[in-house]
Amino acid sequence: MSEQAQKTQYDEVLEVLDKLRPFLQRDGGDCELVDVEDGVVKLKLMGACGSCPSSTITLKAGIERALIEEVEGITEVEQVF
């Protein structure tokens, strides 16, 4: 993937996260985009999301599903600490 395509993909991921962010913030959490590499999005969950027992479900069923549906080439979301 070219550098320009990677930048575009990164920006598209940011756009989707900005749409999801209010839902996380409503519950006292948030997320930070750390990196996008080879279709894998690396996110840091912050605030209440960082210690929530449901964070894996939020990450996989919510954030990952939205990113795979809306951003071409995304295959997975991983949580980083």
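**Group meeting: a helix, a hairpin and a mixed sheet**

Okay, let's start just after helix H1, where Gly 28 takes a positive phi of about 85°. Keep in mind throughout that this is a predicted model.

Now back up into H1 itself. H1 covers residues 3–26, and at 1.5 Å a residue those 24 residues should span 34 Å; the end C-alpha atoms sit 35 Å apart, so the two agree. There's a bend, though: about 40° at Leu 20, with a proline, Pro 22, following within four residues.

Which residues of H1 are buried? The list is Gln 9, Val 13, Val 16, Leu 17, Leu 20, Arg 21 and Leu 24. If you like thinking in helical turns, an α-helix has 3.6 residues a turn, so residues three or four places apart point the same way. And the cover over those buried residues includes strands E1 (29–37) and E2 (40–47), plus helices H2 (48–51) and H3 (55–70).

On to the sheet. It's an open one, three strands in the order E1-E2-E3, with mixed pairing. E1 and E3 are the edge strands, each pairing on one side only. Strand to strand, the twist averages 30°. H3 packs on this sheet, touching E2 and E3, and its direction makes about 145° with that of E3. H1, meanwhile, lies across E1 and E2 and runs at about 165° to E1.

Where does the mix come from? E1 and E2 pair antiparallel, over eight bridges, while E2 and E3, residues 76–79, run parallel and are joined by four. If you want to check the register on screen, Cys 31 has Leu 45 in E2 as its bridge partner. Over on the parallel side, Val 40 stands opposite Glu 76, and Leu 43 is bridged to Gln 79. The E1–E2 hairpin has two residues between the strands, and Asp 38 there takes a positive phi near 50°.

Last stop, Asp 30, which is in E1. Is Asp 30 buried or exposed? Its relative accessibility is 17%, and the cut-off for buried is under 20%, so Asp 30 counts as buried. Its side chain has polar company from H1's end of things: a 2.7 Å polar contact with the side chain of Arg 21, and another, at 3.2 Å, with the side chain of Gln 25. Remember that Arg 21 was on the buried list for H1 too. Leaving out residues up to four places away in sequence, Asp 30 also touches Leu 24, Lys 44, Leu 45, Met 46 and Cys 49, among others.

Definitions and conventions:
Residues numbered from 1 in each chain as written. Predicted model: local features only at pLDDT ≥ 70, side-chain atom pairs only at ≥ 80, totals over all residues. Heavy atoms only, no water. Expected span 1.5 Å × (residues − 1). Bend = angle between axes of the 7 residues up to and from the residue. Buried < 20%, exposed > 50% of the residue type's maximum accessible area, 1.4 Å probe, protein only. Contact = heavy atoms within 4.5 Å. Pairing = 2+ DSSP bridges. Polar contact = N/O pair within 3.5 Å; in protein donor to acceptor, adjacent residues only side chain to side chain. Axes fitted to C-alpha atoms, helices over the stretch in contact; angles between N-to-C directions.
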